[in-house]
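Work through the exercises below with the sequence and the model open side by side. Each task is followed by a solution in steps.

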Amino acid sequence: MSADRDAITAPRPTAQPAEPAEAAEPTPPAQPAQPARPAAGGRPRRVVRWVAGLLLGALLGWMVLVLVSRARGGTFWLWGLPDPAPVLLYFLGPPAALAGVAMLVLARTGWPRRDRAAVSLAAAPLGMIVLHLLLTGRTWLWVLPDLAPPILLFLAAPLTLLAGVGAARLTGHRLTRPAGRAVLLLGLTALGLGVDQAGLNLALVTGGGSAGAAPAGALRVVSWDTFTWDRRKGPAPFYQFLHAQRADVYLLQGYPGPFRPLRPDDPVALRREFPGFAIAQVGDLVTVSRFPIVAQRPLWTAQPPGTDNIDFVRAWQYGALRTDVAVGDRIVSVYNAHFYDQFAFGVGPLTPAFYRNVRGLTAGRRSQFDRLRADLLGNPNPAVVGGNLNTLPNNGDLRRLGPLTDASRASRSLYPTTFRFVRLRLWRMDWIFVSRGVAVHSYDLVDPHRLSTRSLQRAVLSLPGD
């Protein structure tokens with residue numbers, strides 16, 4: 001009982017008062033929304049797009065003007081600028097088509113668009129090089145793409161792509177590993193196949209292009225397409241320019257040229273300017289020699305089919321003029337050559353006549369090559385061939401000249417060019433070749449100072465036994 005009494009009388013514990021909760025921190029007032037900052041590089045991209053759009057618009061506008069001009073009887077030129085359609089169709093068209101095909105093929109890989117674009121761009125130059133090696137000199141269908149400046153297509157394009165991939169890696173815009181390897185492989189393969197087709201004078205690097213110092217009495221030969229002689233400035237500057245070369249043999253093309261007939265006083269003027277020299281002339285070809293000309297033979301060319309609409313082709317009856325020159329007690333055969341163009345500038349590239357012309361002129365130019373080769377094969381004399389062959393260094397038609405040696409191997413230029421178009425010197429279409437036994441001591445290209453679109457070729461040669 002006492003235990004029960006103690007439990008009743010014991011004081012009950014009192015509840016402790018709860019501690020006050022900590023006051024919540026006041027919520028800061030909402031800040032006004034800040035405008036989104038443009039992504040890094042956004043402004044340069046907008047500038048690039050704006051400039052690209054401006055250039056594209058200018059190009060399209062120019063094409064419209066040229067088409068309107070042609071429809072009204074105009075020519076290839078408008079206000080001194082050329083029709084852009086051939087460049088777009090034949091220089092940029094084939095690689096763009098190859099890149100587009102590659103993009104379609106790579107669409108199933110799942111690669112990012114940037115990777116597919118890079119691989120496609122790398123595949124285009126390689127595809128062009130392979131097509132060039134397969135088709136050049138074999139079909140007229142590849143004549144116009146073959147006119148692209150070889151150093152740009154076969155050397156600059158793959159190098160630019162490889163450099164672009166390297167720059168992307170440095171700036172953090174890397175390709176995936178498979179795409180990067182593909183671009184590297186395609187670019188290096190294109191370089192390996194294309195360096196020999198780029199028009200480079202590799203003998204300048206490897207050596208052996210020049211025969212060394214010229215002996216006493218070496219033969220000085222110049223070859224020049226005068227481009228219609230006195231078309232711009234009259235004959236006096238031309239004669240002054242020629243006399244400054246102090247050559248033994250002058251091979252002149254475009255005199256008087258297909259654009260104006262031979263005047264009665266032209267031969268008289270030539271003999272007055274070169275007293276004591278022997279002169280041979282046929283068509284637009286003139287050979288002037290300090291040594292006696294003992295024989296001459298023009299190599300006649302029949303007008304090719306499909307060229308009836310080209311006026312100057314009807315007067316272009318001779319592809320070359322052979323002259324046998326007596327140098328001391330030896331005879332050397334000098335060939336002065338001027339071959340057909342690849343197309344007619346006055347015919348629109350979107351017309352059937354244009355392609356008939358290309359096919360016909362290609363057949364005619366190959367006939368000129370074959371006629372020259374046949375004469376060389378039957379000629380026992382040492383030979384020099386000089387002139388405007390309208391053929392680029394990577395063109396397969398040059399294979400038709402067989403064992404002749406290119407005199408430009410003795411040049412001091414890594415990329416010799418002879419033709420200027422729209423102020424750009426990117427093409428070589430003029431040549432000097434020599435037969436076996438004829439040594440080349442020097443080869444130079446002389447600026448004609450706007451007397452012609454073609455550079456003058458100057459070579460110092462020595463004959464067998466010198």
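**Exercise 1. Find the salt bridge of Asp-248 and say which parts it ties together.**

Step 1. The side chain of Asp-248 meets that of Arg-290 in a salt bridge, with 2.8 Å from N to O. The term stands for a side-chain nitrogen of Lys or Arg within 4 Å of a carboxyl oxygen of Asp or Glu.

Step 2. Asp-248 sits in the loop between helix 8 (235-243) and strand 4 (249-253), and Arg-290 in the loop between strand 6 (285-289) and strand 7, so the pair ties together parts that are 42 residues apart in sequence. Helices (H or I, at least four residues) and strands (E, at least two) are DSSP runs numbered from the N terminus.

Step 3. The structure holds 11 salt bridges.

A note on the source: this is a predicted model, in which local features need pLDDT of at least 70 and side-chain atom pairs count only at pLDDT 80 or more, while totals for chains, interfaces and linings use all residues. Residues are numbered from 1 along each chain as its sequence is written, and side-chain values use heavy atoms, with hydrogens and water left out.

**Exercise 2. Trace the open sheet that contains strand 5 and strand 6.**

Step 1. The strand order is 5-6-4-3-16-15, with mixed pairing. Two strands pair if DSSP finds at least two bridges between them.

Step 2. Strand 5 and strand 15 (439-446) are at the edges with a single partner strand each, so one side of each has no neighbour in the sheet. From one strand to the next the twist averages 15°.

Step 3. Strand 5 (residues 278-282) and strand 6 run antiparallel and are joined by five bridges. Ala-278 stands opposite Ser-289 of strand 6. Their hairpin has two residues between the strands, and Gly-283 takes a positive phi near 60° there.

Step 4. Strand 3 (residues 219-225) and strand 16 (residues 456-462) are also antiparallel, joined by five bridges. Here Val-222 has Arg-458 in strand 16 as its bridge partner.

**Exercise 3. Trace the open sheet that contains strand 7, then find the helix packed on it.**

Step 1. Six strands make up this sheet in the order 7-8-9-10-14-11, and the pairing is mixed. Strand 7 (293-300) and strand 11 (405-406) are the edge strands, pairing on one side only.

Step 2. Strand 9 (residues 330-338) pairs with strand 10 (residues 383-388) in the parallel sense over six bridges. Within this pair, Ala-337 has Gly-387 of strand 10 as its bridge partner.

Step 3. Helix 11 (residues 352-377) packs on the sheet and touches strand 7, strand 8 (318-327), strand 9 and strand 10. The direction of helix 11 makes about 145° with that of strand 7. Axes are lines fitted to C-alpha atoms, for helices over the stretch in contact, and angles run from 0 to 180 degrees between N-to-C directions.

Step 4. Val-294 lies in strand 7. Leaving aside neighbours within four places in sequence, Val-294 is in contact (heavy atoms within 4.5 Å) with Asp-324, Ala-326 and Ile-331. Val-294 and Ile-331 are 37 residues apart in sequence, and their C-alpha atoms are 8.5 Å apart.

**Exercise 4. Which residues lie nearest the centre of the second largest pocket, and which classes make up its lining?**

Step 1. On a 1 Å grid over the protein atoms alone, a pocket is an open set of points with protein on both sides within 12 Å along at least five of seven lines, and lining residues have an atom within 4 Å of a point.

Step 2. Of the 30 lining residues, Asp-196, Pro-393, Leu-398, Asp-406 and Trp-431 lie nearest the centre of the second largest pocket.

Step 3. Helix 4 (113-135), helix 7 (203-206) and strand 14 (430-434) supply at least two lining residues each.

Step 4. The lining has 13 nonpolar, 12 polar and five charged residues. Ala, Val, Leu, Ile, Met, Phe, Trp, Tyr, Cys and Pro count as nonpolar, Asp, Glu, Lys and Arg as charged, and the others, Gly among them, as polar.

Terms used. 1 Å grid on protein atoms, 1.4 Å probe; cavity = no way out; pocket = protein on both sides within 12 Å on 5 of 7 lines; lining within 4 Å.
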